[in-house]
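Student: I've got this model open and I'd like a close look at a single part of it. Could you pick up one helix and walk me through how it sits in the whole?

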Amino acid sequence: GIVEQKRAEVADEAAAIEALEAEVAAAEETLGDPSALREAKIAAQAVVNTSRERLGRLREDHERRKASLAHLEEQLAAFRRELAMEDLEARERLAAAKAAKAE
């Protein structure tokens, strides 16, 4: 259903964020490595410069989606509780009708 799809999307986003964080960490490590070649440091700096902003946006979007998912899960739980109550009431009415008919 929709909630399961949203959960999968949130999990995929979390994995993408982790991968980008690892890429940035590796680039920062290259920047701090005195033995790294100049070209490698230039490439690493480019990764850091472009990825940090993107990472910030991804994190913000992810937090919004997580909040949206939590809201959907709350709505689903409330709907299920209401449905269970209605089912219980219907069963009680049916049992009362059967008992009245048996008399």
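Tutor: Here's a walk along helix 1, starting from the overall picture and ending with a couple of residues. Keep in mind that this is a predicted model.

First, the setting. The protein's secondary structure is two helices and zero strands. Its radius of gyration is 27 Å, well over the 13 Å that the globule rule gives for 103 residues, so the protein is more spread out than a compact globule. You can see that in the C-alpha trace too, which spans about 95 × 20 × 15 Å along its principal axes. Of the 103 residues, 14% count as buried. The accessible surface comes to about 7900 Å², and carbon and sulfur atoms hold 56% of that. As for charge, there are 17 positive and 23 negative side chains, with the centres of the two sets 3 Å apart.

Now helix 1 itself, which covers residues 2-32. Is its length what you'd expect from 31 residues? At 1.5 Å a residue, helix 1 should span 45 Å, and its end C-alpha atoms are 45 Å apart, so the two agree.

Which residues of helix 1 are buried? They are Val 3, Val 10, Glu 13, Ile 17, Leu 20, Val 24 and Ala 27. Here's a handy bit of background for reading that list: an α-helix has 3.6 residues a turn, so residues three or four places apart point the same way. And what covers these buried residues? Helix 2 is part of the cover.

Ser 51 gives you a view from the other side, as it is found in helix 2, residues 38-102. Leaving aside its neighbours within four places in sequence, Ser 51 is in contact with Leu 20, Glu 23 and Val 24. Two names there, Leu 20 and Val 24, are also among the buried residues of helix 1. Ser 51 has a relative accessible area of 6%, so it counts as buried, the cut-off being under 20%.

Back in helix 1, have a look at Glu 9. At 31% relative accessibility, Glu 9 counts as partly exposed, because that figure falls between the 20% and 50% cut-offs. Its C-alpha atom is separated by 8.6 Å from that of Arg 65, although the two residues are 56 apart along the chain. Zooming out again, contacts with a separation of 6 or more are 70% made up of residues 24 or more positions apart.

Key. Residues are numbered from 1 along each chain as its sequence is written. This is a predicted model: local features need pLDDT of at least 70, side-chain atom pairs count only at pLDDT 80 or more; totals for chains, interfaces and linings use all residues. Side-chain values use heavy atoms; hydrogens and water are left out. Helices (H or I, at least four residues) and strands (E, at least two) are DSSP runs, numbered from the N terminus. Buried means under 20% relative accessible area, exposed over 50%, partly exposed in between (1.4 Å probe, protein chains only). Contact means heavy atoms within 4.5 Å. The radius of gyration is taken over C-alpha atoms; the globule rule is 2.2 Å times the number of residues to the power 0.38. Accessible areas come from the Shrake-Rupley method with a 1.4 Å probe; for residues, only the protein chains shown count as cover. Lys and Arg count as positive and Asp and Glu as negative; His and the chain ends are not counted. The place of a charge is taken as NZ of Lys, CZ of Arg, CG of Asp or CD of Glu. The expected span of a helix is 1.5 Å times one less than its number of residues.
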